[in-house]
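Please take me through this model in the viewer, one selection at a time, saying what to pick next and what can be found there. Cut-offs should be given along the way.

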Amino acid sequence: MEDAAVMDRRRATQRRINVGPFERLASTTVGGILVARAIRKRSLGGFAEALVGANLIYRGVTGYCGMYSRLGVNTAIVNKAGSQIDPDSPEVRRAVTVGRSPEELYEFWSNPANLARIMDHFAEVTPRDGALHWRVRGPLKQVFEWDSRPVEEEAGRKLSWQTLPGGTLANHGDVTFRPGPNGTGTEVTLHLKFEPPLGNVGKSLAKAFRLVPRAVVGQALRRFKSLVETGEIPTLEHNPSARGSSDTVDTGREA
Amino acid sequence: MRALCWNGVNDLRTETVPDPGIVNPHDAILKVRMSTTCGSDLHFIGGYIPTMRSGDIIGHEFMGEIVETGPDVKKVKKGDRVVVPSFICCGQCWFCQHELWSLCDNTNPNAEMQSAVLGYPTAGIYGYTHAFGGYAGGHAEYVRVPHADVDCFPVPEGLRDEQAVFLSDAGPTGYMGAVFCDIKPGETVAVWGCGGVGLMAQKSALLLGAGRVIAIDRFPERLRVARENVGSETINYEEVDSVLEALQDMTGGRGPDACIEAVGMEAHGTGIQYKYDRAKQALRMHTDRGDALREAIMACRKGGTLSIIGVYGVMDKFPLGVMMNKGLTIRTAQQHGQKFVPKLLEHTERGELDASFLATHQFSLEDGARAYEMFKNKEDGCLRVVFTPHDSKPS
């Protein structure tokens, strides 16, 4: 249940986004380059460039373009099968094809030690009293914790779980393993749905999680695939540079 | 250790950075014996490709000696002198198993970031932006090589370092470009670009049975190398009214059977289209200048093959209709090096290929920034600079 004020604000927010996700990325990147150049120049031409750049960044970050609005253009609308998610009730579904049998992958996923490695880019997962304890740092430095337990198992095909009462972020999810065509392996689909609690805390949690799920879930699947297929996960740990000796992978997890 | 680092647009510096170490079980640490500049580095040095971070170690074309291996490395060993292709490949995924190596699914730690732009991720590359993996590059004393058994190719004893180093990228990229042309004996192949990759493509086309190779560039020095070291015929596009007409004159009006584009996003040209591209690129409104590519599409014979091995970002004013109406076959990829390196090593051992003529200049890593300036501006006939990171004497 959502109160009327939340609904209204959501509609208002959605109405303001009229730039599609790729265009927002491009807009932010190009804007950033322009501003960086302009700052170095420190001239009138540079100032004009900075204005253009700042506008592009604004457009990229907010997803709102004044000119599009006046022209009635909206590049943010995608069909239901697209990647847009309801920001107040984050739900995400991602798939990857892995070159192993469903049974093998089912067993690999069921092992808590493997799951801990797969999820290590965003969560600490530890077995606790027949359940799994999850500890996640949000992008705004909050810590979310919950325990999950299996609710349904279809041997070799599907695993699903949900959180126990008392966690800071209720969620449920499932992973399915389906044979792919022509010996491509197994199509693995991971589905997660978060249920933010009501009230102000819930709103801020939802806001925090809006940034997270798609990339984090996609990353988890890629890590799973790499670990199964190659026995290791690609990493930039201890990657040398003039910045020091490590590069964290950019998935929204705070170090 | 010392390493050549990118610190911002047109700002390279040689710095002291931490040494790499074994992180994953299939890793090896390579003591870099020789590395080389690549034209595609100029794209991010000039700021045309995003997602570099200040402090990144650059360089993706290198060879060296294995000094340490992870517990699961079985085939190569400490002491081996090896050449390493620029794309990092696992050897296990569907793409590696199908010899589409640069599309490997398991080596890009930033796959999610890159997928937002490309739809699907590529393999990781050494020293070539964070979208392409963020791995530290080879213009350094040491470099970590993941999946060493798949990605390290032992160099036969008789071969010199400067013969082997270009088999990391320029060699296999050029060779792949020629393979894409599916050359029948005696056919004519035109190649745009006489840099390292273009010259290797020309040489490869001849090795694969082309009757004639016609090279197009504007630097007399490079065109001379194409004639003398490779055996190509040449066109200086600044000295003819029209490359299209020149090619038609040379081929009885048919046009080349296949065209290889080995220039990429910072092409130069002479006409109004070039000025348009240059202006838009300067304003960062698009990333690519496409004169060479457009010319190749126009000049290729009807039903011919266009092989694109230059590196591109986003380009507009693309003559899709010319391609479509002439029924061209387009082949393109980043290098599937692991497929071609063994072949190139064989050709080199048999004396049919010697890529060492590309190494026109040798520099200490300490003079890395100066070396890239020289390479970019083609000063003193510079084709490629090679670095010997463990030789600290400035040259």
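Two residues are taken to be in contact if their C-beta atoms, placed from the backbone, lie within 7 Å. Helices (H or I, at least four residues) and strands (E, at least two) are DSSP runs numbered from the N terminus, and two strands pair if DSSP finds at least two bridges between them. Axes are lines fitted to C-alpha atoms, for helices over the stretch in contact, with angles running from 0 to 180 degrees between N-to-C directions.

The model is predicted, so local features need a pLDDT of at least 70 and side-chain atom pairs count only at pLDDT 80 or more, while totals for chains, interfaces and linings use all residues. Residues are numbered from 1 along each chain as its sequence is written, and chains are lettered from A and ligands numbered from 1 in the order in which they are written. Colour chain B by pLDDT, the predictor's confidence in each residue from 0 to 100: the average is 94, and 97% of the residues score at least 70. The model as a whole scores ipTM 0.92 and pTM 0.83.

**The small end of the numbering**

Select strands β1, β2 and β4 of chain B, which form an open antiparallel sheet in the order β2-β1-β4. β2 (12-16) and β4 of chain B stand at the edges with a single partner strand each, so one side of each has no neighbour in the sheet. Between β1(B) (residues 2-6) and β4(B) there are 2 bridges in the antiparallel sense, and B:C5 can be found opposite B:I57 of β4(B). Add helix α14(B), residues 368-376, which lies across β1 and β2 of chain B and runs at about 155° to β2(B).

**The six-stranded sheet**

Next, select the open sheet of 6 strands in chain B, ordered β13-β12-β11-β14-β15-β16 with parallel pairing. Its edges are β13 (233-236) and β16 (329-332) of chain B, each with a single partner strand, so one side of each is left without a neighbour in the sheet. Neighbouring strands of this sheet are turned against each other by 20° on average, direction ignored. At one pairing, 4 bridges join β15(B) (residues 305-308) to β16(B) in parallel, with B:T305 opposite B:T329. Helix α6(B) packs on this sheet, touching β14 (258-261), β15 and β16 of chain B, and its direction makes about 160° with that of β15(B). Helix α7(B), residues 196-207, also packs on the sheet, touching β11 (188-192), β12 (212-217) and β14 of chain B, at about 170° to β12(B).

**Between the domains**

Colour chain B by its domain assignment, whose bounds come from an automatic or database source: domain 1 is 2-169 + 335-387 and domain 2 is 170-332. Their centres, taken over C-alpha atoms, are 25 Å apart, and the contact takes 27 residues from domain 1 and 24 from domain 2 of chain B. On the domain 1 side, α13(B) gives the most, with 5 residues.

Now show α6(B) (residues 170-180) with α13(B) (residues 337-349), which pack at about 100° with axes 9 Å apart. That makes the two helices roughly perpendicular, a term covering 65 to 115 degrees. Among the contacting residues are B:Y175 and B:M176 of α6(B), and B:F340 and B:L344 of α13(B).

**Towards chain A**

Finally, display both chains: 37 residues of chain B are in contact with 33 residues of chain A. On the chain B side, α3(B) gives the most, with 4 residues.

How values were computed
Angles under 35 degrees count as roughly parallel, over 145 as roughly antiparallel, 65 to 115 as roughly perpendicular and the rest as oblique.
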